[in-house]
Amino acid sequence: MVMPASLAPWSGTRVATASTPLSNRLWNLDWSRLAPWQFGDVTVEYVAFDHVLPFIAEHHPLIFGAGGGPEERFFAEPMTDAKRRFCAEMDVFAFRHDGRIVGTWLSHPTDWSSYYLRNVAFLPEYQGRGLSAALFRALRGPLAAAGVARIESDVSPTNVPSLRVNLAEGFVVTGTQNTERWGTFVRLTYFVSPDAESVFVRQFSGVATKLRAKRNT
Ligand SMILES: CC(C)(COP(=O)(O)OP(=O)(O)OC[C@H]1O[C@@H](n2cnc3c(N)ncnc32)[C@H](O)[C@@H]1OP(=O)(O)O)[C@@H](O)C(=O)NCCC(=O)NCCS
């Protein structure tokens, strides 16, 4: 999860970034061939990270309720050339309504068969409209077709809206962690591969996932 304090406006030098995001280079996924998507009056565009950086810098502190600065509780990392290069590797989607960006989605591969939902954020008036689930449903099919076995996400334990939407989409809890960067997280996993899910259930749970039928629709 990328937090706002670490995404303050960048004032470094221009750096060389990958011309194509990692998902394209690993899996030959070209989101620009699938985007844009239209969800009601909101359009979702596939964009470069720099395109959403002003939105992130302006709105994420309020959306996430973090102020940055001296009162920041967690370890904050400023924008660096390396961070900017990493951000250029991500898949970035902008939710747009009436010409302005109203939400952002950042995700990326973490290895050859794992995909990570790093950060999703909407302006308050665009929360609760089912927009994140709509984009997730648009992305998961192409990710499955590309051979992704699992989609992962980390959510703060008190972020009830985020937990609700993830669990409703078929994610299951696969762990917890304490981080110096963003506090405690619940790790959620959406098993794209039934084989991978079977192994998880066999090893770590006595109850089969109940949402498979729903997830596959
Ligand atoms: C968390 C978030 C990405 C979820 O996306 P979304 O498109 O709003 O999700 P949904 O519309 O499917 O809402 C999920 C549930 O949370 C509820 N909800 C969403 N936003 C809410 C809000 N601001 N206040 C109260 N409930 C809210 C919805 O009513 C829905 O409840 P339901 O399960 O009873 O139907 C979005 O609410 C958001 O931007 N939150 C702030 C940033 C954040 O926490 N990001 C996640 C961590 S990176």
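A salt bridge here is a side-chain nitrogen of Lys or Arg within 4 Å of a carboxyl oxygen of Asp or Glu. Keep that cut-off in mind as you click through this predicted model.

**Stop 1: Glu45 and Arg96**

Start by selecting Glu45 and Arg96, which form a salt bridge whose closest N and O atoms are 3.1 Å apart. Glu45 belongs to strand β2 and Arg96 to strand β3 (residues 91-97), so this pair ties together parts that are 51 residues apart in sequence. Now look at how covered each partner is. Arg96 counts as buried at 19% relative accessibility, while Glu45, at 23%, counts as partly exposed.

**Stop 2: strand β3 and its neighbours**

Stay with Arg96 and extend the selection to the whole of β3. Seven of the seven residues of β3 are buried, so the strand is largely enclosed by the rest of the structure. In a regular strand the side chains alternate between the two faces of the sheet. Show the side chains here: Asp91, Phe93, Phe95 and His97 point one way from β3, and Val92, Ala94 and Arg96 point the other way.

Next, bring in the strands that pair with β3. On β2, five bridges make the connection, and the two strands run antiparallel. To find one of these bridges, select Val47, whose bridge partner in β3 is Val92. Strand β4 (residues 100-111) also pairs with β3 in the antiparallel sense, over seven bridges. Here you can select His97, whose bridge partner in β4 is Arg100. β3 and β4 form a hairpin with two residues between them. Pick out Asp98 in that turn, where phi is positive, at about 50°.

**Stop 3: other charged pairs**

The count for the model comes to 10 salt bridges. Select Glu152 and Arg187, whose side chains meet at 3.3 Å, N to O. This pair ties together parts that are 35 residues apart in sequence, because Glu152 lies in strand β6 (residues 150-155) and Arg187 in strand β8 (residues 183-191). Glu152 is buried at 14% relative accessibility; Arg187 is partly exposed at 22%.

For a linked set, select Arg137, Arg140 and Glu169, which are joined in a network of salt bridges.

Then move to Arg129 and Asp41, whose side chains meet in a salt bridge of 2.6 Å, N to O. Both partners sit in loops: Arg129 between β5 and α4, Asp41 between β1 (37-39) and β2 (42-47), so the pair ties together parts that are 88 residues apart in sequence. Arg129 is partly exposed, with a relative accessible area of 39%, and Asp41 is partly exposed with a value of 39%.

**Stop 4: the ligand**

Keep Arg129 selected and show the ligand. A backbone N or O atom of Arg129 lies 3.1 Å from an oxygen atom of the ligand. Add Gln127, which places a polar side-chain atom 2.8 Å from a ligand nitrogen atom. Then add Ser132, where a polar side-chain atom lies 2.9 Å from an oxygen atom of the ligand. The ligand has 900 Å² of accessible area on its own, and the protein covers 68% of that.

Which elements give two or more residues to the shell around the ligand? Colour α2 (49-64), β5 (114-122), α4 (131-145) and α5 (160-168) to see them.

Finish by selecting the shell itself. The ligand is surrounded by 18 residues, the closest being Val120, Gly128, Gly130, Asn159 and Arg164. Colour the shell by class and you will find nine nonpolar, seven polar and two charged residues.

Technical notes: Residues are numbered from 1 along each chain as its sequence is written. This is a predicted model: local features need pLDDT of at least 70, side-chain atom pairs count only at pLDDT 80 or more; totals for chains, interfaces and linings use all residues. Side-chain values use heavy atoms; hydrogens and water are left out. A residue is near a molecule or strand if one of its heavy atoms lies within 4 Å of it. A polar contact is a pair of N or O atoms within 3.5 Å; within protein, one must be able to donate a hydrogen and the other to accept it, and residues adjacent in sequence count only if both atoms are side-chain atoms. Accessible areas come from the Shrake-Rupley method with a 1.4 Å probe; for residues, only the protein chains shown count as cover. Helices (H or I, at least four residues) and strands (E, at least two) are DSSP runs, numbered from the N terminus. Ala, Val, Leu, Ile, Met, Phe, Trp, Tyr, Cys and Pro count as nonpolar, Asp, Glu, Lys and Arg as charged, and the others, Gly among them, as polar. Buried means under 20% relative accessible area, exposed over 50%, partly exposed in between (1.4 Å probe, protein chains only). Two strands pair if DSSP finds at least two bridges between them.
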